[in-house]
Structure formats: C-alpha cells, structure tokens
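Here is a friendly set of notes to read beside the model. Please keep the viewer open and follow the points in order.

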Amino acid sequence: ASQDRVVPLMAEAVHQNGMPGVLVLFPSNVVNAKVEELKGAGYNAVGAGNAEGVIAAAGQLPSVDAVVASDEVSAAEISSLLRSIGKSPRMERAAKVIVSKTISTSTDPSLTYTPAADAAALKPVIEAARQKAGGVPMDAKIATDYALRSADLLSKLIINGNKVLDVTQAQASLVASLEDSRPDVVKAVAGVLALINDKTVQTALAT
C-alpha cells in the first residue's frame, strides 16, 4: 500500500535544505507582498491569487510544510487548493492555516484559523499548526544528512534492480537537484543519475 509515494518522497528529501516551505493563497493584489513578508520571517514561500497558480508554484519548493490562505479569496478557490493538496503525497501533511477576521474555529481539525495577517504574528501560528500536523523542525545540517542518505538509497534501488520502486519517477526532480548549492548533494545526485540511461539525464550531467 502507498508504494507509489516512496520514491517521490525520497526525491523531496534530496531537496531539503532546512528552510520550511510555505504556499500562500492571498488576493492577487497583495499576494506578492505577503510572500516577501514570509520570506523575511525565515520561510521559503511562493504563492498566487488562485489555487491553480499556487499548485503550479509549489514545484519551486523543496518541500511544502504549510499552506496559508486568506478567506478574502473565494471559498471555492480555497476548497480547490485544499483538495489538490490532499491528493499530493508531498503536500498532504502540510499544516493548513486560514487567515480570517470572522472565523476562529472549525469542525475540521486539520485547519487552523487566525486573524493574524502580518508575517510576525503568523509565524507562531504556522509553527503551532506544523507541530499539530506532525511536522518536524529541521536545521540545515539535518536536512543535508537526509538529502545524502536519500540519494544513497535511490542509487541502491537502481543498482539492485528494484522493480517495485521506480526511481525514474524522480528523474526530473533529481536533474533539478544538480543546481543545488551544496556540492556534496550535487555529487550524490550525480551518482544516482549516472545510473539512469536517458539522453536528458546524460545531457544534464554533461552540463
């Protein structure tokens, strides 16, 4: 059960850098400012004014640890975003924070409501929601250790000819990891990609 989640989650671990990733859904006229605020508060944040844009932006993040949505955006957009997150192995466990001036509680235990809108006030709310969702704080060293362990295990899956866990599912993600700022991670990822007989991979390695 859930064997299809293993390789994508291992590929995500390779990207981990210790900075929590936050998706932001706010009205289009303020979302960019809110993203910059959260970056200033120590988050790796991306966002958009609609659910489709937020999900597209999620691909830029090494991991998605929390989602912050304003109820100034339509309820339909928020529901669409939450449905998409719930269907994604890499995002389904993200903490979910709804910024609202009128609602304070929910029958859905996975949702956290707050009137706080600025990043300084939002940060403790986000961290509490992450803890409630089972998120584990991770510094840069621990994240790099996980990245190297994951890359090593991915290479072993290929060498062992594992037929159940298909490492080629992570090919695009691993190619992107060649741009990582950590030399040891790049070397480890290159060691995995060198075992994949694919023109795109070989071109990326050559570059």
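1. A word on pairing comes before the strands themselves: two strands count as a pair if DSSP finds at least two bridges between them. By that rule β4 and strand β5 (residues 111–114) are paired, since four bridges join them, and the two run parallel. To find the spot on screen, look for valine 99, whose bridge partner in β5 is threonine 114. Please bear in mind throughout that this is a predicted model.

2. Now step back to the whole chain. Its secondary structure comes to nine helices and five strands. Going along the sequence, you will meet them in the pattern α-β-α-β-α-β-α-β-β-α-α-α-α-α.

3. How does the radius of gyration of the chain compare with that of a compact globule? For 207 residues such a globule would have a value near 17 Å, and the chain has 18 Å, which agrees. Along the principal axes, the C-alpha atoms fill a box of roughly 55 × 35 × 30 Å. Of the 207 residues, 42% are buried.

4. Strand β4 (residues 95–99) deserves a closer look, as five of its five residues are buried. Both of its faces are covered: Ala95, Val97 and Val99 lie on one side, Lys96 and Ile98 on the other, and all of them are buried. Note that a lysine is part of this buried set.

5. Besides β5, β4 has another partner. Strand β3 (residues 66–70) pairs with β4 in the parallel sense, over five bridges. Here alanine 69 stands opposite isoleucine 98 of β4. Together with helix α4 (residues 75–86), β3 and β4 make a right-handed β-α-β unit.

6. A right-handed β-α-β unit is also made by β1, α2 and β2. Five bridges join β1 to β2, and these strands run parallel. One place to check this is glycine 21, which stands opposite asparagine 44 in β2. Strand β2 (residues 44–48) has four of its five residues buried, so it is largely enclosed by the rest of the structure.

7. Between β1 (21–25) and α2 (31–40) there is a loop, and asparagine 29 has its place there. Is asparagine 29 buried or exposed? Its relative accessibility is 69%, so asparagine 29 counts as exposed, the cut-off for that class being over 50%. Its C-alpha atom is separated by 9.7 Å from that of alanine 48, which is 19 residues away along the chain.

8. Finally, please visit the second largest pocket, which holds about 310 Å³ of space. Its lining is made of 17 residues, and those closest to the pocket's centre are His15, Gly59, Leu61, Arg90 and Ser173. Which helices each supply at least two residues of this lining? They are α1 (6–15), α3 (51–58) and α7 (171–177). The largest share, four residues, comes from α1. Sorted by class, the lining has nine nonpolar, six polar and two charged residues.

Note on methods:
Residues are numbered from 1 along each chain as its sequence is written. This is a predicted model: local features need pLDDT of at least 70, side-chain atom pairs count only at pLDDT 80 or more; totals for chains, interfaces and linings use all residues. Side-chain values use heavy atoms; hydrogens and water are left out. On a 1 Å grid over the protein atoms alone, a cavity is a set of points where a 1.4 Å probe fits but cannot get out, and a pocket is an open set with protein on both sides within 12 Å along at least five of seven lines; lining residues have an atom within 4 Å of a point. Grid points are joined across faces, edges and corners, and a volume is the space filled by probe spheres set on the points. Ala, Val, Leu, Ile, Met, Phe, Trp, Tyr, Cys and Pro count as nonpolar, Asp, Glu, Lys and Arg as charged, and the others, Gly among them, as polar. Buried means under 20% relative accessible area, exposed over 50%, partly exposed in between (1.4 Å probe, protein chains only). A crossover is right-handed if, with the strands pointing away from the viewer, the path from the first strand over the helix to the second runs clockwise. The radius of gyration is taken over C-alpha atoms; the globule rule is 2.2 Å times the number of residues to the power 0.38.
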